[in-house]
Amino acid sequence: MPRVEESIPSYLAEVAEAARAWFSSHEGSDFKLTGIVDPQPADAFDAAADPREIQLILCGHQDGQDVCLRERFAVTRAGEGFAVQHLDEPAPAVGSPAPLLDPPVGVRAGWLDEAMKRHAFVVLLFYRGFW
């Protein structure tokens, strides 16, 4: 099972932010960085290596819905910034981190209050860690 960390290690923060910004721009919506999947340990991380592969959990608003997505990127240093490539193929890791992520902390804060303003009642369904 993949390990999901909610906080991005400081040595990966710049790479993760570059991937998040690229993805937000590409999708036309502002996504928040809410986790990282199987981050490399600091002693194994080579800041000079290119490209660096990184798997992120990004949450935001897409097609009228609040979504959290697990996305993979190859990030290469390019001058003062980074070049980001979205990796579409599934990660080699087996399993889904979704049970560890639902609900992501703070991402849907206020969602229930907003839903209650629009409806007389709201049904919440929880099933095996998914919601």
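## Exercises on a buried arginine and a ring cluster

Arg20 is buried, with a relative accessible area of 14%. The model in which this residue is examined is a predicted one, and the exercises below start from Arg20 before turning to the aromatic rings.

**Exercise 1.** Determine whether Arg20 is buried or exposed, and find where it lies.

*Solution.* Begin with the relative accessible area of Arg20, which is 14%. Buried means under 20% relative accessible area, so Arg20 with its 14% counts as buried. Next, place the residue along the chain: Arg20 lies in helix 1, which covers residues 13-27.

**Exercise 2.** Identify the residues that Arg20 is in contact with, leaving aside its neighbours within four places in sequence, and find the side chain that it joins in a polar contact.

*Solution.* First, with those sequence neighbours left aside, the contacts of Arg20 are Asp30, Phe31, Lys32, Leu33, Leu56 and Leu58. Then look at the side chains, where a polar contact of 3.1 Å joins Arg20 and Asp30.

**Exercise 3.** Classify the ring pair of Phe23 and Phe31, and then the ring pair of Phe23 and Phe73.

*Solution.* A pair of aromatic rings is described by how far apart the centres are and by the angle between the planes. Rings pair if their centres lie within 6.5 Å, and planes over 60 degrees apart count as edge-to-face; by this rule the protein has three aromatic pairs. For Phe23 and Phe31 the centres are 5.1 Å apart and the planes stand at 70°, so this pair is edge-to-face. For Phe23 and Phe73 the centres are 5.9 Å apart and the planes stand at 75°, so this pair is edge-to-face. The pair of Phe23 and Phe73 links distant parts of the chain, since Phe23 belongs to helix 1 and Phe73 to strand 4 (residues 65-78), 50 residues apart.

As a further step, check the burial of these rings: Phe23 is buried at 3% relative accessibility, Phe31 is buried at 1%, and Phe73 is buried as well. Finally, ring pairs link Trp22, Phe23, Phe31 and Phe73 into a cluster.

**Exercise 4.** Describe the protein as a whole by its helices and strands, its buried residues and its contacts.

*Solution.* Count the elements first: there are three helices and five strands, and along the sequence they follow the pattern β-α-β-β-β-β-α-α. Turning to burial, 32% of the 131 residues are buried. Lastly, among contacts with a separation of 6 or more, 59% are between residues 24 or more positions apart.

Methods
Residues numbered from 1 in each chain as written. Predicted model: local features only at pLDDT ≥ 70, side-chain atom pairs only at ≥ 80, totals over all residues. Heavy atoms only, no water. Helix = DSSP H or I, 4+ residues; strand = E, 2+ residues; numbered from the N terminus. Buried < 20%, exposed > 50% of the residue type's maximum accessible area, 1.4 Å probe, protein only. Contact = heavy atoms within 4.5 Å. Polar contact = N/O pair within 3.5 Å; in protein donor to acceptor, adjacent residues only side chain to side chain. Phe/Tyr/Trp six-rings, centres within 6.5 Å; stacked < 30°, edge-to-face > 60°.
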